[in-house]
Amino acid sequence: MYKITSCLIFLFVSNFIVNAQQQSYELIVPNLDNPWGFVFLPDNAMMINEKSGKIIHFKNGVKTEIKNTPKIYLRGQGGLLDIELHPNYKNNGWIYFTYASGIGSGRGGNTTLMRAKLKDNSLVSQEVLYKATPNTTKGQHFGSRIVFDSENCVYFSVGDRGDRDVNPQDINRDGGKIYRLNDDGSVPKDNPFASSNTAKKAVYSYGHRNPQGMVVNPFTDEIWSHEHGPKGGDEINIIKKGKNYGWPKVSYGVNYSGTKFTDKTYMEGMESPIHYWTPSIAPSGMAFINSDVYGNWKGNLLVGSLKFQYLSRCIIKKNQVYKEVKLLKDIGRVRSIVQGKDGFIYVGVERLGIIKLLPTL
């Protein structure tokens, strides 16, 4: 009798665990290959960027491919990247995209910011607001995420494009930067290098490697970003005007071969990360929980892991990561994260789709 009871208890607990795992999320948009970025329209439809170049409109279970999309330079980490709505989208209809583009002189491509409007499932009124140069056939470190501040300035990131020792520390060159523009593509007069005769006037901060997460902290209005390190040294940074974030002069990482390229993790005049990962988790996507849906998780920061295939719930105290909790373990490469209008968190997972994170409190 004791053995039978023990077996029944074991089966009950096992089924409970399986059901709990199954109920931790709901698949909302199935059959996506690489949902690099997505956003909710005012009617709660989704606009989804597939890295391959497709923009998908999703509503009521129906996917519609958007026509007249820009020509994408698809190579390595480059393709169709992030998407964001203008804060005043209901009135002006502007949608902003980052993508790898081969326009301009030279072979290859580089990260580009475009805005356009949606009409009859087609992109119209397309305007290229910024095109990083030079084109290069290297396939790594395109960035790129987009956010808006309270003054409707648009920020976007561009990775160092594989030129570690050339681009990030040189404000006269594109690459390894976070940029800031007015919403029409003009340069704000108070940009840190706007008065320079040689610098890229759109640059807001520099010394970055490959930022693939960026979000406005809804509790402080600061811009938070994370970026890939090499072997070790992924970082979370709070982005400040005109500041140097150190790459590759300082890092907690090493070369992929294991050799060192710097022995410094701190230098005066360079910003230190508020958090770093060693070993690297390969972070992508970033969102604060700013709703009451998840109880005491409100105020936590979510970061996706491409390498280890989970969602990291970072508990923040005094602008520091106090503790991490792994969610959605082994779900797949977590690429993008958005808090929806309903307060739920939605997560783009490669070769799965977009899921809704369910409260498990």
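Okay, so the largest pocket in this predicted model holds about 930 Å³ of space. What lines that pocket? There are 32 residues in the lining, and Val 39, Glu 84, Val 215, Val 338 and Gln 339 are the ones nearest the centre. By character, the lining residues split into 18 nonpolar, nine polar and five charged. As for where they come from, strands S2 (35–40), S6 (80–85), S10 (146–148), S14 (211–216), S18 (283–288) and S22 each put in at least two lining residues.

Now let's follow S22 away from the pocket. It belongs to an open sheet of four strands, ordered S1-S24-S23-S22, with antiparallel pairing. Which strands sit at the edges? Those are S1, residues 25–30, and S22, residues 334–339; each has a single partner strand, so one side of each has no neighbour in the sheet. On average, neighbouring strands here are turned by 25° against each other, if you ignore direction.

Inside the sheet, have a look at S23, residues 345–349, and S24, residues 353–357: they run antiparallel and are joined by five bridges. One pairing to pick out on screen is Tyr 346, whose bridge partner in S24 is Lys 356.

Last stop, the S1 edge, and Pro 30, which lies in that strand. Buried or exposed? Pro 30 comes out as partly exposed, because its relative accessible area is 29%, and the in-between class runs from 20% to 50%. What does Pro 30 touch, leaving aside neighbours within four places in sequence? Its contacts are Lys 63 and Leu 352. And Ile 355 is 325 residues away along the chain, yet the C-alpha atoms of Pro 30 and Ile 355 are 8.3 Å apart.

How values were computed: Residues are numbered from 1 along each chain as its sequence is written. This is a predicted model: local features need pLDDT of at least 70, side-chain atom pairs count only at pLDDT 80 or more; totals for chains, interfaces and linings use all residues. Side-chain values use heavy atoms; hydrogens and water are left out. Two strands pair if DSSP finds at least two bridges between them. Axes are lines fitted to C-alpha atoms, for helices over the stretch in contact, and angles run from 0 to 180 degrees between N-to-C directions. Buried means under 20% relative accessible area, exposed over 50%, partly exposed in between (1.4 Å probe, protein chains only). Contact means heavy atoms within 4.5 Å. On a 1 Å grid over the protein atoms alone, a cavity is a set of points where a 1.4 Å probe fits but cannot get out, and a pocket is an open set with protein on both sides within 12 Å along at least five of seven lines; lining residues have an atom within 4 Å of a point. Grid points are joined across faces, edges and corners, and a volume is the space filled by probe spheres set on the points. Ala, Val, Leu, Ile, Met, Phe, Trp, Tyr, Cys and Pro count as nonpolar, Asp, Glu, Lys and Arg as charged, and the others, Gly among them, as polar.
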